[in-house]
Amino acid sequence: MTVGHVLWPDQLDADELARLRPGLPADLDREPDVLVVGGGIIGCATAAACIQARLGSVVLVERDVLGAGASGGAAGLLVPESHLGVDPPEFVAAMRRGLDAWRAMESTWAGGVGLLPYDWQGQPQARVNPLRAIVRLASGVPCVATGVNVSGMTCTAGQVATVSTSAGEFRPRQVVFATGLPPGLAGLDLNLPASEVKGHMLCTAPTRLRLPAAVREADIARVIDDGRVLMGGTLDVGDAQRVVRPEVTERMWRELISAWSALESVSVEYRWACFRPAHPDHLPVIDRLPGLSNAWLSTGQYKTGILMAVETGQALAEWLQTGTAPPEVKPFALSRDTLRG
Ligand SMILES: Cc1cc2nc3c(=O)[nH]c(=O)nc-3n(C[C@H](O)[C@H](O)[C@H](O)COP(=O)(O)OP(=O)(O)OC[C@H]3O[C@@H](n4cnc5c(N)ncnc54)[C@H](O)[C@@H]3O)c2cc1C
């Protein structure tokens, strides 16, 4: 859940805002070829990839509104180069593929995905308004339902047979759980360690200021649409409360002003906090559910779920189609040694 006053919805028009909350369609397909659970960026990108891979009918269900989780509050940066020397080289390679996948999606998905150019320290990277990207992806999915909580499932002969929800039962041929954190479902015995890492964000009023070299090099803030200055997110480990803490946003602002004094006269218009889903080793899980041939999971995308969404969705769609795990998801298996910390 994202809390506080978030910039991204204010950049959407009325039609885009309505598409975040379609409610329950009258012609809800109860027996889709693919049921995707979770309307964050990973669920929306997975549903889109399944459609592009022609996997048949695709239904996307979300318990709240689309983008209600971490995705709707993220900074929306698609900057693999900022992870060089920070994250494992093979993960940085995956992030680079992730950016390439966004670029390809921008040109192959009807209406595009809202990709914006972003210069990161002289390197051409990209960014999105994550809610607009969600709207664009979901707009090409024929059946999207919000306000539908998935609560359980039954299995027969190594397959998910039924999925129970607040809107009744589904009998999908295949199902993907893209629930941010691992889903807690009746009938699913999944002992997967995960937690959330809170992050605060702030954004100023429009300015005409240019980013000073010191701020750019320290990578503590960026200038986005209308010259607004976007800062964050923080890593507020141990703070699970669904509140924006004024002392944290004040500390962020003071840090920024001390590096960029011209900002002192500018007002901060947006302050919000959201919660990164994470596994102990800070790598995502992208895998088939143990013992089930028709159910998959993508959770714990931590700091890079927006960047990795299109690549993840396409890898899952390929796996659903071929029955074989694509090599790029192997580092994100449930069986890896580091997963349990
Ligand atoms: C401050 C901050 C800044 C960030 N900036 C960036 C960035 O610049 N770039 C980047 O790549 N990443 C960034 N991230 C990380 C990114 O936000 C996450 O990795 C990503 O949003 C995770 O997406 P998701 O779809 O897996 O999860 P979520 O967005 O949480 O979506 C999961 C959805 O599943 C739904 N759901 C859960 N359980 C059920 C159920 N039982 N039934 C139905 N629906 C269910 C939830 O309601 C939710 O909408 C940032 C995160 C934070 C906190």
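## Aromatic pairs

Three aromatic pairs are present in the structure, which is a predicted model. Two of them are described below, followed by two contacts between arginine and phenylalanine.

## Phe91 and Phe332

The ring centres of Phe91 and Phe332 are 5.8 Å apart, and the planes meet at 65°, so this pair is edge-to-face. An angle over 60 degrees is what places a pair in that class.

The two residues come from distant parts of the chain, with their positions 241 residues apart. Phe91 belongs to helix α4, which covers residues 89-108, while Phe332 is in the segment after α8 (305-322). Phe91 has a relative accessible area of 5% and is therefore buried. Phe332 is buried as well, at 4% relative accessibility; the cut-off for buried is under 20%.

## Trp296 and Trp319

Another edge-to-face pair is made by Trp296 and Trp319. Their centres are separated by 6.3 Å, and the angle between the planes is 75°.

Trp296 is part of strand β17 (residues 295-299) and Trp319 is part of helix α8, so the pair joins a strand to a helix across 23 residues of sequence. Both Trp296 and Trp319 are buried.

## Arginines over rings

Two arginines are placed against phenylalanine rings. Arg30 lies over the face of Phe170, at a distance of 5.1 Å from the ring centre.

In the case of Arg242, the charged end sits over the ring of Phe275. The distance to the centre of that ring is 3.9 Å.

Notes. Residues are numbered from 1 along each chain as its sequence is written. This is a predicted model: local features need pLDDT of at least 70, side-chain atom pairs count only at pLDDT 80 or more; totals for chains, interfaces and linings use all residues. Side-chain values use heavy atoms; hydrogens and water are left out. Rings of Phe, Tyr and Trp (its six-membered ring) pair if their centres lie within 6.5 Å; planes under 30 degrees apart count as stacked, over 60 as edge-to-face and the rest as tilted. Helices (H or I, at least four residues) and strands (E, at least two) are DSSP runs, numbered from the N terminus. Buried means under 20% relative accessible area, exposed over 50%, partly exposed in between (1.4 Å probe, protein chains only). A charge sits over a ring if NZ of Lys or CZ of Arg is within 6 Å of the ring centre and within 35 degrees of the ring normal.
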